[in-house]
Amino acid sequence: MTAQPARNAPAPPPSGLRAGLNRLRDVSDKHRSSTIVVAMAITTVLMYFLPIIPPLSVIQGRGIWYDAFANAGVFVLLAMGLNVVIGMAGLLDLGYAAFFAIGAYTYAYSNSPFSHTDLPFFPMLFVGAAVAGIFGILLGAPTLRLRGDYLAIMTLGFGEIVPIVFLNLDRFTQGTNGISGIYRPEALPLFGPFSAISPFNYFIVMVVIVTITMILLYRLQDSRIGRAWNAIREDELAAAANGINTVTTKLLAFSLGATTSGLAGVFNASKLTIVSPDQFLFTVSFTVLAMVILGGMGNIWGVAVGAFIVYNIQVVFLKSINGVIETLGIPAFNLPIVNLHIDLAKVPFVDYQFLLYGVAVVLMMLLRPEGLFPNQRRRQELHIAEEFDDGESGEIEGAMGATPGAAANGGGTP
Amino acid sequence: MNFRKLSAIAGMSMLVFAACSTTPPAGSGAAPSAGGSGGALTPSTPAPAADTSKGKVKFAIELPQQGSEKAASDPIINGIKLAVKLAGGGAGGYGIDIPQSAIYDDALNGAHDPQTGANNMSKIVADTDVVAVIGPLNSSVAKAQIPISNEGGVLQCSPANTNPDLTKGDPAKQLRTKPNNYIRVVTTDDVQGPAAAQYIFDVLKKKSVYVIDDTETFGKGVADAFDAEFKKRGGTVVKHDAAPKTTQDYVSIMTAAKALNPEAIYFGGVTATGGARILLAAAQAGLGDVPYVGPDGINDGSGETKDSFLNLAAAAAKNSFSTLAGIGDFPGRAQFAADYKAEYGIDPTGYAGTGFACAQVALDALKRAGATSPADMTALREAVRVAGTDTAAKYTTIVGDITFDANGDTSQKIVSIYSVDPAGANGKGDWKFETQVDYGK
Amino acid sequence: MTSLASPASAARPIGRGLRFGGIAIGAIIGYTAVLWVFLQLWTGLPSGPALTVAIQQTVNALSIGSIYALIALGYTMVYGIIELINFAHGDIFMVGAFVSVIFIGGIMGQSGPVDNIPFLIILIVGALLFTMPIIGILNVSIERLVYRPLRNAPRLAPLITAIGVSYILQNVALVVAGSGDRSAPQVFPLSWQLRIGDASISVLSIFIFVLALTLMIGLQLFISRSRLGRAMRATAQDREAAALMGVDQNQTIALTFLLGGMLAAAAGVVWGLRFGFVRQDLGFNAGLKAFTSAVLGGIGNITGAAIGGFVIGFIENFASALGFSRWSEFLVFMVLTFVLIFKPSGLFGFQTGDRA
C-alpha cells in the first residue's frame, strides 16, 4: 500500500492575507446575494469609468467599449449556463449553440417584419428562455440516461441539426438569408432608446441580467439541487443509491443550461437585429466550452470572468496586439535552431485565435483542469487521481471521479 | 512540472511558432515593382498634392482578409488606395488618410462573419474622423452592417455586394431607420442571374439546365434569379439542387444530375463553397463536356492564382463561363491596368476596378461636401452622405458614367460574361472577356 | 462477429467469411433494387436509365462507404480499448489527405492522370507507404503527449482535450494550407471505366473498395491471429486483468492508435484520388459520420464499424441520388439518434451499460 504520510496531519493555521481572504469568503458565503450585487455594482462602475481613461481609451472609443462589454455579457451568460451543465452536473454538452439559436429565433419570430409581430422585449426574454428550456427537456429526456461520451455525441449532433433545420426550412425561417430587421427593445425610462450607435442601454440591461442570473445560479448551487448535482457528478451510482432521482436532476441541469442559453439568444438577436443559421455553428459551442474550461468548471464567477476575459482578448486585444507590439518596439528575431525569422509585430494573431483556443484547452486539461479560478472542490476531484497515481504504467488506482468501475475496485491495489 | 508536461508545452509552442512564421505577413497588396508596366500605356501621373487646408479625414475599408477571401479583398484595397493616390491624396480641401487602423477585417476563423462585421461598423461609426466606408465584400455582412452605418449616417459604398435585398423592397427598408447612406457600384443578382440565363439560352443555345446552389445568401439568391429567368425564356430547369459547402460526396449528386441529361449546369455560389469541387464531380459523373456557368463568385483569378476556381478545376474548366456584376470592358480599363501594375507590380483582378470606382465616388462626394463648408466633422459626415446618395449627381468613374438611384443602386446595369481561355496565364487558364450586356437600356 | 472484446472464433473462418460475403452481396444488390424503384417513382426516370443510374449510385455509395468504414475503424478501436471518443480522429484523416497530396503532388510532382500502369502502382503504393506511417506516428504521438496523462482522469477531461486537439489540427492545416480548397492530383485515370450494360463504373471505385476490403481483412486477421492482436483484445475486454497477465498497456494502446491512424491515412489517400480536393474542415464532417458508423455498428466492434461505415455511405448516397442532399447530414444524425436511444449497443454490439 502506498504510504500517505502527510495527508492526515493538520495543516498550520493561515495568517495575514490568507486569513483575511478566508474571512471574506466566509462573509460572502453567508450573504451570497448581497455579495453578488455589491460585486457586480463595483464591476459595473469600473466598466463604466475605465474606458474613459487610458490605456483603455487609447485602444478604442468609450461607446465601443460598452458595446464590447454588452457582447461579452452574452458570452458570460452562455458560459454560466454551460457551467451548470458541465461544471456542476458533469454532463458534457457539445451542442450548446443550438439553444442559443432557439432563443434567438424565438425572439425573431416575435419581433420582426417577417413575422409581422412586435412583442415587448422584457417579457420575451422569459419566453425565449423558456422555449429554449423546453427544447432542453425534449433533447434531454431520451438522451440523458446515456453514458457521458454518448451524451456528448448526441448533443453534438443536436447542435449540428438545429442550424441545418433553420437553413433548410426556408419557407418558415428565410433560410440562409435569415430574419433581419428585428426590432430593438422599447426605450428605457431613464436611459432613452436602444440604438445601434449608442450601446449604453444594452450594456445596462446586460449587467442587470447577468446579476440576476448569477444570484439565481448561486442560490441553486447552494441548495439541495446543487448538492445533488455535485453528488451525481462525482459518483452517479452512489448518488442514486442515496435516493437522488438522477434522471430528474440531470434533466434540470440540462434544461437550466438551455434556458440560460436561450436568454442570451434573445438578447443577442435584439442587439444584432439579424439572425441567420451561420451564427450558430459548432465554433460558438467550442468557444463557450473553452471559456468554461479556462475560467474554472464549477465556479460561477470564475467562468463569468473567464468568458469576459476571453471575449475581450478575442475581439479587442488580438486585433490591436500588433499595434501594441509595434509601439513597444519589440524587434524581430530569429529562432536559433530552426532558423525561422519571426516578426511579432506582423504575425496575424487574429487568424490564429482558434488555434490558440485549441492549444489553451489542451494545456488547461493537461495541467490545470480546474481552470484559472478553480472551485476548491473540483480541484481536489480532478487532482486526486494524480495524487494516487505513482506513475507506473498499467496500474489503475481506484479514486473518486476516475473511470467508472473504479469505485467498485475500492482504493488502490493490494 | 514533470518532463512529460514540459515536452507537451514545448511541442505546442513550437507548433504554434512554426505555423505563425510560415505565413506571410498580412498587409495590403504586393510591393511595387521596380520595373515599368510593360504595356503600351504609361501609368498616369498622380494629381499634384491636394489642398489639405481644412484638415484630415479618413476613409475606412471593411473587407474579409482571411483565408481564400483575402485573395478577393486585397485587389479592392489596392484599388482604393490607388484612387486616392492618383487624386493627389485629398479632395474638397481635406487630406485623406487610410491608416492600417482604418482597414477592418470582418473574417472570423477564415471566413467572413456578420457579427464581426457589425462590431467593426460600430467602431467605424464611432470614429469621428471617418467620412466614408468602402465595403463589405459579402452581402450577409452588409445586412448586419447597414443598420449601424445607417444610424451613424456614414456613407457606405460597396464594390461587390450583389444581393438585391440590400437596396430593394421591404427587406431593404427594414435595415434603415434614417435616410439612405448605402450605395453600390455593381449591379444586383436579380440582374446577374438572368444575364447568365439569357447567355445560356440565346448564345450557347442550351435549353435545359441543371441548377445547384450552395445554400448561402449570395449563391441561393443568384441561382433563384437564374432559375426564374431561364424558365421565363422557355427553357427547362431539370432540377434545382442545393448542396451546403460542407458536402463531401459531390459525385453522387452529379451522378443524379447526369441521369436528368441537362445541356448545361449553373452553379450559384463562390469557389470556396464548392464551385470547383462541383465541376470536378460533374466531370467524373460524365458531365464534363456540358457548359458550366457560374456567377462572379468563381471569377476570382487565373489558373495561377492560389485557391482560385481555375486553379482548382484545372483542365475540367475548359467549358466554363462566369458573369461579373459589373462592366468588364470599361473605357479606362487599359489605363487602369497600367496604373495598377505600375503601383503594385501585378495585374488587377476581380473587384479591383469597382473598389477604385467606389473610392472615386467617395472622393467626389467629399469634394462636393467640402464646398458646402461644414462646421464640424459631424456636419461633414452628413454632407458627404448627402452628396454621395444624391440621385442627381453624375459620376465619371473608371467603370463608366454612373448615377445612383434613390435606393443606392447604380444606373449601370451591365453584366459581363467571361469564358475560359485554356492557353492563358502560361497555359494554366484564364478568364477571357466575351461580351457584356446592358440591362439598363 | 469479431469485436475487440469478444473471443475470436477459431472455428471455420472460411465458412463465416463466405456467409458474410454472401450477405454483403445480397445487401448491395438489394440497395440497387430499392434505389431503382425509388428513382422511377420519385424522379420519374424510365426503367432502363433508372437501372443505369442505380448501378452507378451503388458504386458511388460503396466508394464513400469504404472511406467512412476505414475512418470508423479507428474510432471503434480506440473506444474499445480506452473508452475514449477520439474527436480528433476525423482530423487525422484530413491530415492524411493533405500529406498524400504533398507526396503525390509535391514530392512526386504529379498533377494529372497517369496512364503508365507500373508508374501508377508505384505512385499509389508510395503514397500509402509514405502517408500511413507518418499519420500513424502522429496519432501515437498525440496519444502519448495528450491522452496518456489523462488516462485516469475523470471522464470529461480526455473528451474535452480531444476536442481541443481536433481544433489544433484543423487550425494548423488552416494556417499552413489556407482555408480554401486545395487541389489533389487525381493520378488514377478517371477515364478507365467498366461497362455493365449502359452503366459505366470507374475502375477507381472498384480499386477503392478492394483496397478498403483488403485493409479491413488484414486488420481482422491481425487482431484475431497475432500475439499483439490478442493483447489488444485482452486489454479491451478487461484492462486490469490484461495488465496482470503481463500485457504492456502503453504499448498496446500505442499500437491501437498506430493502426487507427494508418487506416485513416489510407482513407485520406483514397479521398484525394477520388474527389480531387482536400480542405481543412474535411475532418469534422467525415469524422462525425464515421463516428456515427462506429456507433451504428456497435462501438468496440470492428466488423460492426466497417458495416456501419457502408450503411452510412448508403444512406448518404440515397439522399443525394433522390435529390435531397442538403438533408443528408440531418438523416445521418437522425440515424445516430435512433440508434443511441433505442439500441445504444449498436447493431452488433453487446450491452455496455447505460451509466453516464
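1. A good place to start is B:Pro136, which sits in the loop between β7 (130-134) and α4 (139-152) of chain B. The peptide bond leading into this proline from B:Gly135 is cis, with omega near -5°. Helices (H or I, at least four residues) and strands (E, at least two) are DSSP runs, numbered from the N terminus.

2. Some housekeeping before going on. This is a predicted model, in which local features need pLDDT of at least 70 and side-chain atom pairs count only at pLDDT 80 or more, while totals for chains, interfaces and linings use all residues. Residues are numbered from 1 along each chain as its sequence is written, and chains are lettered from A and ligands numbered from 1 in the order in which they are written.

3. Chain B also holds an open, mixed sheet of seven strands, ordered β11-β10-β12-β13-β14-β17-β18; two strands pair if DSSP finds at least two bridges between them. The edges are β11 (236-242) and β18 (430-438) of chain B, each with a single partner strand, so one side of each has no neighbour in the sheet. On average, neighbouring strands are turned by 20° against each other, direction ignored. Axes are lines fitted to C-alpha atoms, for helices over the stretch in contact, and angles run from 0 to 180 degrees between N-to-C directions.

4. At one edge, β10 (residues 208-213) of chain B pairs with β11(B) in the parallel sense over six bridges, and B:Val211 stands opposite B:His240. Helix α6 (residues 189-203) of chain B packs on the sheet, with β10, β14 (320-324) and β17 (414-421) of chain B among the strands it touches, and its direction makes about 55° with that of β17(B). Contact here means that the C-beta atoms of two residues, placed from the backbone, lie within 7 Å.

5. Do have a look at β17(B), where six of the eight residues are buried. A residue is buried if 20 or more other C-beta atoms lie within 10 Å of its own, exposed if 12 or fewer, and partly exposed in between, with C-beta atoms placed from the backbone. β17(B) runs antiparallel to β14(B) over four bridges, with B:Ile417 as the bridge partner of B:Thr323. Eight bridges join β17(B) to β18(B), again antiparallel, and there B:Val420 faces B:Trp431.

6. On to chain A and two residues with positive phi. A:His116, not a glycine, has a phi of about 55° and belongs to the loop between α5 (96-110) and α6 (121-143) of chain A. A:His116 is exposed, with 6 other C-beta atoms within 10 Å. A:Thr273 has phi near 60° and lies in the loop between α12 and β2 (274-275) of chain A, but this threonine is buried, with 24 other C-beta atoms within 10 Å.

7. Lastly, the contact between chains C and A takes 40 residues from chain C and 48 residues from chain A. On the chain C side, α5 (156-177), α8 (239-244), α9 (249-275) and α12 (328-342) each supply at least two residues, and α5(C) gives the most, with 13 residues. That side divides into 26 nonpolar, seven polar and seven charged residues; Ala, Val, Leu, Ile, Met, Phe, Trp, Tyr, Cys and Pro count as nonpolar, Asp, Glu, Lys and Arg as charged, and the others, Gly among them, as polar.
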